[in-house]
Structure formats: structure tokens, C-alpha cells
Amino acid sequence: MAIAAAVVVVPLGFLFILSGLVVNLIQAICFLFLRPLSKSLYRRINKEVAELLWVELVWLIDWWAGVKILLYTDPETRKLMGKEHALVICNHKSDIDWLVGWVLAQRSGCLGSSLAVMKKSSKFLPVIGWSMWFSEYLFLERSWAKDESTLQSGLQRLKDFPCPFWLALFVEGTRFTQAKLLAAQEYAASTGLPVPRNVLIPRTKVLLVFKLSVSNLRAFVPAVYDVTVAVDKGHPAPTMLRMFNGQSSVVHVHLKRHLMKELPQTDDEVAQWCRDVFVAKDALLDKYQADGKFDEKDFQPIGRPKKPLLVVITWSCLLSFFAYEFFKWTQLLSTWRGVVFSAAALLLGSALLPKERETRGLGL
């Protein structure tokens, strides 16, 4: 990692891990003592508490790197965003697609109630995974024999969720690369499927998750948000490393709302509907490549609210004060052993920050 990025990552890691542990502690207390009394109240409070952690990463993309996210959707859909439950499916263009989704969720008022389908091991990650577990993310083992019942029970638990939530799923199962596109094109040509040019083909295993999600959510989730992400042709693709270096990018996001009640009824038809959506995404991205933008009449400004900045400043002030008092009381920095311990803690914090990763079939 570049030195400039490390200068940002280490203090940010320190801030993230300490604030995250505070958030985890509050979540644990609420889970143990409040949830048995009122699950609805627990969920409402957890939504606000979790956002105090996740909004730090929104600050990173918004205020530190200055990544511009341009949203294109119809005015009616924009009004409904954050006011209804939704199943979100998206192409996986870059390693910060999940952060782009969090920015849109934050603008819509549902960052703390944004959910995803993730691998089971993720919930054991300190700070990040623990917070996701308290927030009722859905964790799978990637063995359908075990995951089917786990997923179904998890989806049914969302039936009485008191706040509008978004459940995200990357049905391509992995991040887009030219090598993976070539493999998808060869597979499509050999099986008679439409040959993709800008997206990957939805994976069979992830389609199982999608089909079961639609089947269980149909009764109480009114919409599927079909999200298409494209990188501005005049700017480099955004990455976590570029963000830590404070380098901006421009991301175009097209969002189309489908009524859940209009989706087909059978599992096979639902799977085909999803494949057809990705064929339509491919055509939409062809048009984007030709025009350099989505339809201007659908552009919806999302602004850059000050809340993420204020949250980070507040966390920084509070934790700096307590850290100063702690070091003063313990005299930790007065010995080499204390200095080594402190440096190790900082490095651990930076290691726990989300990095570039594969998201095979995951929502994040």
C-alpha cells in the first residue's frame, strides 16, 4: 500500500475499530436486554446505532475521496426510495459497488437497515461482522443443502421488520473483469445464451438465492430495485486504494423499479426474468458506452449531506479525548513496549477496514 494511503488508513483504522467496538457494545447491550422485551424497538434503535459506524465509510467516499455518484431514475421511484422495503440486484462493476449502494441508502434514510446475503465466516470479523450480525444480515455457508432453510427462515424473520429495508444481492456472483467476461462469453456461445458484452451471466447458485428471496419476500416487499452501475469514461475506475489516496472518480447509477407482484410465479420463470434483466442491463450499458451517460431526463441529484462529516468529527473528538486520558493515565507511550503495543493496535484497526475483495454471490 502506498505511503500516502497508509497515512490515511492507520488513523482511520484506529477511529473505525474504536468507534466500532463502542457500537458493538451498544448493540450487544440492546440485543441482550431490549430485544427480549421488544424486537421492534430493538430493530429501530439498532438501525440508528449501526449507522453511526457505517456512515464513517460513507464519509470516506463522500468527503475524503470526493467520489461523485450520479443517480438516474424516475421521480416517482426517487420519492419511494427509503420509504419501502426493496430487494436490490446490481451488476458488480468495481470493488466499491457496495459502498455506492450504502451512499444511496444513506441518502434515502435506510443505511442502518440495509441488509445483504453474505458468507457465514463474515459474521466473525471483529467490528464489521459483529455489527452485521446484530443488524440481521443473512449469512450462508455456500452449501445449498444447508443454506436453503437458513435463508428461508432469515427472510421470513424480515416480515415484521419495522423500518424500510434494502436487501442487496449481486447475482453475477463475482466482480466484473475482462477475463471473467471472456469466460462468460464463451459459456454463453456454447449454451445458446445471449452473449454478454458489459455484464456477467447470473450464476446458477446465486439464482437459487434470488428465486427463494422472491418467493419469501413477495408477500411483504413491494419492489425489486434493478441497479446498473457504470464508471465514467473520463475517469479511472474507483477502488478502495484510490479512495484512501483521496482520488476522486465518477460513478453513474441507473435504478429501475419493478413491482414484485408483476414478477412471474414459478421459480424457473423468476430465474429467467433475472437473466432477462441482465440482458437488458447489457443493452443499457451499450447505450451508456455510446452516449457517455444515462438518460439526462432521469437524473436525480442526491447532494452531499453533512451528517457523515459531523459523525466522523464527533467520533474523532470523543475518541481522541479518551485516548489522551488513557495514555496519560497508563503512561503507555513512556516505554518501548507501550509504543509497540499502540502501533500494533493501529495496524489492527487499519486491517479491519474493508478492502478490495471478491463477493461471489454476496450482497456486499
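Q: Which residues does Ser113 touch, not counting residues up to four places away in sequence?
A: The model is predicted: local features need pLDDT of at least 70 and side-chain atom pairs count only at pLDDT 80 or more, while totals for chains, interfaces and linings use all residues. Residues are numbered from 1 along each chain as its sequence is written, and side-chain values use heavy atoms, with hydrogens and water left out. Contact means heavy atoms within 4.5 Å. With residues up to four places away in sequence not counted, Ser113 touches Lys47, Phe161, Pro164, Phe165 and Trp166.

Q: Which does Ser113 count as, buried or exposed?
A: Ser113 lies in the loop between helix 4 and strand 3 (114-119); helices (H or I, at least four residues) and strands (E, at least two) are DSSP runs, numbered from the N terminus. Buried means under 20% relative accessible area, exposed over 50% and partly exposed in between, with a 1.4 Å probe and protein chains only. Because its relative accessibility is 0%, Ser113 counts as buried.

Q: How far apart are the end C-alpha atoms of helix 2?
A: The expected span of a helix is 1.5 Å times one less than its number of residues. For the 26 residues of helix 2 (residues 39-64), this comes to 38 Å. The model agrees with that span, as the end C-alpha atoms are apart by 36 Å.

Q: Where is the kink in helix 2 centred?
A: The bend at a residue is the angle between axes fitted to the seven residues ending there and the seven starting there. In helix 2 there is a kink of about 40°, and its centre is Leu52.

Q: What phi does Gly66 take?
A: Gly66 comes just after helix 2. Its phi is positive, at about 65°.

Q: Which residue in helix 2 pairs with Phe31?
A: Rings of Phe, Tyr and Trp (its six-membered ring) pair if their centres lie within 6.5 Å; planes under 30 degrees apart count as stacked, over 60 as edge-to-face and the rest as tilted. The count by this rule is 14 aromatic pairs. One of them is edge-to-face, with Phe31 and Tyr42 at 6.0 Å centre to centre and 70° between the planes. This pair links distant parts of the chain, 11 residues apart: Phe31 belongs to helix 1 (residues 3-33), and its partner in helix 2 is Tyr42.

Q: Which of Phe31 and Tyr42 is buried?
A: Phe31 has 26% relative accessibility, so Phe31 counts as partly exposed. A relative accessible area of 1% goes with the buried residue, Tyr42.

Q: What is the angle between the planes of Trp98 and Trp102?
A: These two rings form an edge-to-face aromatic pair, 5.2 Å centre to centre, and the angle between the planes is 85°. Because Trp98 and Trp102 are four residues apart in helix 4 (residues 97-108), they are separated by about one helical turn. Both Trp98 and Trp102 are buried, and the angle asked for is 85°.

Q: Over which ring does the charged end of Arg304 sit?
A: A charge sits over a ring if NZ of Lys or CZ of Arg is within 6 Å of the ring centre and within 35 degrees of the ring normal. Lys93 has its charged end over the ring of Phe176, 4.2 Å from the centre. For Arg304, the distance from the ring centre is 3.6 Å, and the ring is that of Trp63.

Q: How many disulfides are there?
A: A disulfide is a pair of cysteine sulfur atoms within 2.5 Å. Cys274 counts as buried at 0% relative accessibility, whereas Cys317 counts as exposed at 52%. The number of disulfides is zero.
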